[in-house]
Amino acid sequence: YLQEYFGYESFRKGQEQIIEQVLGGINTAGIMPTGGGKSICYQIPALLLPGVTLVISPLISLMKDQVDALEQNGIDATFLNSSISGLESSNRMNDIKHGRYKLVYVAPERLENPAFQQDLFNVEISMVAIDEAHCISQWGHDFRPSYLKIKTLLKNMPSAPTVLALTATATPHVTDDICQSLGISVQHTVSTGFSRDNLFFSVVKEENRSRFLMRYLEKNKNESGIIYAATRKEVDSLYAKLIKAGFKTGRYHAGMNEKERSEQQDQFIRDDVPLMVATSAFGMGIDKSNVRYVIHYQTPKNMESYYQEAGRAGRDGLESECILLYSPQDMQIQRFLIDQSNPSQEWQSQELKKLNRMKDYCFTEGCLQAFILRYFGEENPEDCGHCENCTDKRDSVDVTTQAQMVLSCMLRMGERFGKTMISQVLTGSRN
């Protein structure tokens, strides 16, 4: 099946174990990095199991692409979400009941509809695959309340389907949440590790980021890449600047209408536009293999978002760059966004902790990939040997005494002056 329908000679790490467990009727959680081949883990069992495989996914903009790809491979599949009319939904539901499809993709919000739940009870469902399963956890970086309905749905299903939960970004806390919520035994979790050896990480702190970006893009004009910014306003500003500078650029954020977003995404996937400027709304599940670089123009709010977005580079396994352009202002913007989301005190405290870990990443002197792996629960990861910090040839110098002298000077000057005046005093300027 792997070769016949998908054209692959062999499984990637973890895929075969997950498929064997699912075919054996074992509820399973699969933690695989972006680009690790999660969809194969439910698409192949769907062909082998009787009845229908239900795929719950928040990626409405991607469902049609995935269904089209399956149909091109000769696999009967369909989707139900808000992009189709009520009449079309009803027709598709009838076809599902009559066994026309092997795979059915649904948005989690549809689970809240009692009529839809009732319809599902008349369908032979052998497996439920939950994509982006971290959305089920309130401690995940992208919690969706509608995901909480999955637990009730599974409990009421007469066919008692096998459950497969898949995600690319889950800390140990979030993994426990997923397993507990979906009735998955921890020993049936398959984690292939979070390491992506073809990604080269770096953080740029001391340079004007606009100048750095223009220089970098000029050098990589023929490559495909994504630039992430924190706000719609920044995306629009960057987009205008890059178009004016002569770069073929697309843009994507939630302020654009669905038609615009879809057109821009298609142009990027077809390589008509090699460069995309976007907020975090862009890219979830994008199956574009030749993204050679991902640049974060502003620091993201947490490590989960960062690694998921950075992981869209190099899905073809070739060397690719992940560059973060840090500025202290980014922290203020992200704190403001956290405050504006009307959070509970507990949630706000959790998000601020995650933001501080993101800042720690920007300032670590150790291996950047190892820092990420430790965040996701891997113990004693080895240095990657090729990130910016691993390849840094500078010597380490102890400047404790000098730092004490600077702080002492600031204190004696009453802590009322900026760095220019303090530098002048410390260097004995005659100013």
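## Seven strands in one sheet

Two strands count as paired if DSSP finds at least two bridges between them. Strand 2 (residues 52-56) and strand 5 (residues 125-130) meet that test, with 5 bridges in the parallel sense. Threonine 53 stands opposite methionine 127 of strand 5. The model described here is predicted.

Strands 2 and 5 belong to an open sheet of 7 strands. The order across this sheet is 3-4-2-5-6-1-7, and the pairing is parallel. Which strands stand at the edges? They are strand 3 (77-80) and strand 7 (189-191). Each has a single partner strand, so one side of each is left without a neighbour in the sheet. From one strand to the next, the twist averages 20°.

Helix 5 (residues 86-97) lies across strand 3 and strand 4 (103-106). Its direction is about 135° to strand 3.

## Six strands in another sheet

Strands of a sheet pair through backbone hydrogen bonds, either parallel or antiparallel. A second open sheet has 6 strands, again with parallel pairing. Its order is 8-13-12-9-11-10. Strand 8 (199-204) and strand 10 (249-252) are the edge strands, and each pairs on one side only. Here the twist averages 15° from one strand to the next.

Take the edge at strand 10. This strand runs parallel to strand 11 (residues 275-278), and 4 bridges join the two. Glycine 250 stands opposite methionine 276 in strand 11. Helix 10 packs on this sheet and touches strand 9 (224-228), strand 10 and strand 11. The direction of helix 10 makes about 170° with that of strand 10.

Now take the edge at strand 8. It runs parallel to strand 13 (residues 320-325), joined by 6 bridges. Leucine 199 has serine 320 of strand 13 as its bridge partner. Is strand 8 largely enclosed or open, given that it pairs on one side only? It is largely enclosed by the rest of the structure, because 5 of its 6 residues are buried.

## Helix 9 against helix 10

Helix 10 (residues 232-244) also packs with helix 9 (residues 209-219). Their axes are 12 Å apart, at an angle of about 45°. That angle makes helix 9 oblique to helix 10. The crossing is right-handed.

Helix 9 brings Ser210, Leu213, Met214 and Leu217 to the contact. Helix 10 brings Leu238, Lys241 and Leu242. By class, the contact has 5 nonpolar, 1 polar and 1 charged residues.

## Helix 13 against helix 14

Helix 13 (residues 328-340) packs with helix 14 (residues 345-363). The angle is about 165°, and the axes are 10 Å apart. What does that angle say about their directions? The two helices are roughly antiparallel, because angles over 145 degrees count that way. Helix 13 passes helix 14 in a right-handed crossing.

From helix 13, the contact uses Met331, Gln334, Arg335, Ile338 and Asp339. From helix 14, it uses Trp347, Gln348, Glu351, Leu352, Leu355, Asn356 and Lys359. The classes are 5 nonpolar, 3 polar and 4 charged residues.

## Three residues to look up

Start with glutamine 334, in helix 13. Is it buried or exposed? Its relative accessibility is 6%. Buried means under 20%, so glutamine 334 is buried. Leaving aside neighbours within four places in sequence, its contacts are Ala230, Thr299, Pro300, Lys301 and Leu355. Leu355 is also one of the helix 14 residues that meet helix 13.

Next, find threonine 169. It lies in the loop between strand 6 (162-167) and helix 8 (172-182). Threonine 169 is buried too, with a relative accessible area of 2%. Leaving aside neighbours within four places in sequence, this threonine is in contact with His134, His141, Phe194, Glu304, Gln308 and Phe376.

Last comes glutamine 72, in helix 4 (residues 60-72). Its relative accessible area is 72%, so it counts as exposed. How many residues along the chain separate glutamine 72 from tyrosine 5? They are 67 residues apart along the chain, yet their C-alpha atoms are separated by 9.3 Å.

Conventions:
Residues numbered from 1 in each chain as written. Predicted model: local features only at pLDDT ≥ 70, side-chain atom pairs only at ≥ 80, totals over all residues. Heavy atoms only, no water. Axes fitted to C-alpha atoms, helices over the stretch in contact; angles between N-to-C directions. Parallel < 35°, antiparallel > 145°, perpendicular 65-115°, else oblique. Left-handed = near helix turned anticlockwise from the far one by under 90°. Contact = heavy atoms within 4.5 Å. Nonpolar A, V, L, I, M, F, W, Y, C, P; charged D, E, K, R; others polar. Buried < 20%, exposed > 50% of the residue type's maximum accessible area, 1.4 Å probe, protein only.
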